[in-house]
Amino acid sequence: ARKQGKARFYGINGLGETAALRQAIGLGGADAIRGTNAVRGADTVQACLNLINPTVAVRAPAGFPFQDYEQLIDRAVDQRMGVIAIRVLAAGALSGSPDRVPNAAPQVAPIGTSTTYVEDIAMAQRFSFLVEEGFVSSLVEAAIRFAIGQEGVSTALVGISNIEQLEQAIAFANRGPLPIEALNRLPAIWTTYTTGSQGGT
C-alpha cells in the first residue's frame, strides 16, 4: 500500500497475547533498524489503557488478576511508534453507572479487565475517592486525565455518543494529567483487586 501511494502511515491494534504484541511492536521498528533488515514497520499501536487495567503504562502489582500488558507503551516508544490509548473509559464502565445513552451500544464486552461489564462497573467504583476527595468532578474525568497523562501516549480515543460527551471530554483533557497526589494513591487500589479491600489510601 505504501509503495502504491495508497497509505503513508499505518498502525496495529495492540490487543491479543502480550508476548505476541511485544514481538509485533518490534517488527520493523527500531529493533529491525538496528539489525540487518531495515524494514519500516507500523507507525502506531492502539494500547488498551484505563484505570481498571493500566498495565500498558505501569507495572502490574503482584497477583494482578487481569491481563498484564507488561508496559507495552515503553516498548512502543523504544520502537519509535506513536501510542493511541483505547478503551480509556473501559467501554463506559468508568462512568461508574450501568446507564447507557440511547444511541450507545447496549452491551460491550470487557477487554483486559473483568469478565462482565457489570463487574467492570464495580471495579470502577474503587476509584470513587477521586471524586469524593475533589481531585476530579467525575470518574469519566478521572479516566480521561489518567490516560492522557501517561508518558508515551500520543493521543487517546474516547468513545462518545453525542456532542455533550465530546465537549465534556475536551474540557477534561484540557485540565491536563491527574495531580501527583491522586496518582500516588492509585497503586493501592490496584493491589486491592486480589485482597478484596476497597480502601482508597
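**Confidence, a helix crossing and a salt bridge**

The mean pLDDT of this predicted chain is 88, and 88% of its residues reach 70 or more.

Biologist: Which stretch has pLDDT below 50?

Modeller: Residues 197-201. Beyond near neighbours in sequence, this stretch has eleven contacts in the model. Where pLDDT is low, predicted coordinates should not be read in detail.

Biologist: Why is α6 called oblique to α7?

Modeller: The axes of α6 (residues 139-148) and α7 (residues 163-174) cross at roughly 55°. Roughly parallel needs an angle under 35 degrees, and roughly perpendicular runs from 65 to 115. The crossing angle fits neither, so α6 is oblique to α7. The axes come within 9 Å.

Biologist: Is that crossing left-handed or right-handed?

Modeller: Right-handed.

Biologist: Which residues meet there?

Modeller: From α6, Val140, Glu141, Ile144, Arg145 and Ile148. From α7, Gln168, Ala169, Phe172 and Ala173. The residues of this contact divide into six nonpolar, one polar and two charged.

Biologist: What makes Glu133 and Arg185 a salt bridge?

Modeller: Their closest N and O atoms are 2.9 Å apart. The cut-off is 4 Å, between a side-chain nitrogen of Lys or Arg and a carboxyl oxygen of Asp or Glu. The pair is within that limit, so Glu133 and Arg185 form a salt bridge.

Biologist: Where in the chain do the two partners lie?

Modeller: Glu133 is in the loop between α5 (129-132) and α6. Arg185 is in the loop between α8 (180-183) and α9 (186-190). They are 52 residues apart, so the pair links distant parts of the chain.

Biologist: How many salt bridges does the whole structure hold?

Modeller: The search finds three.

Conventions: Residues are numbered from 1 along each chain as its sequence is written. This is a predicted model: local features need pLDDT of at least 70, side-chain atom pairs count only at pLDDT 80 or more; totals for chains, interfaces and linings use all residues. Side-chain values use heavy atoms; hydrogens and water are left out. pLDDT is the predictor's confidence in each residue, from 0 to 100. Contact means heavy atoms within 4.5 Å. Axes are lines fitted to C-alpha atoms, for helices over the stretch in contact, and angles run from 0 to 180 degrees between N-to-C directions. Helices (H or I, at least four residues) and strands (E, at least two) are DSSP runs, numbered from the N terminus. Angles under 35 degrees count as roughly parallel, over 145 as roughly antiparallel, 65 to 115 as roughly perpendicular and the rest as oblique. A crossing is left-handed if the near helix is turned anticlockwise from the far one by less than a right angle, and right-handed if clockwise. Ala, Val, Leu, Ile, Met, Phe, Trp, Tyr, Cys and Pro count as nonpolar, Asp, Glu, Lys and Arg as charged, and the others, Gly among them, as polar.
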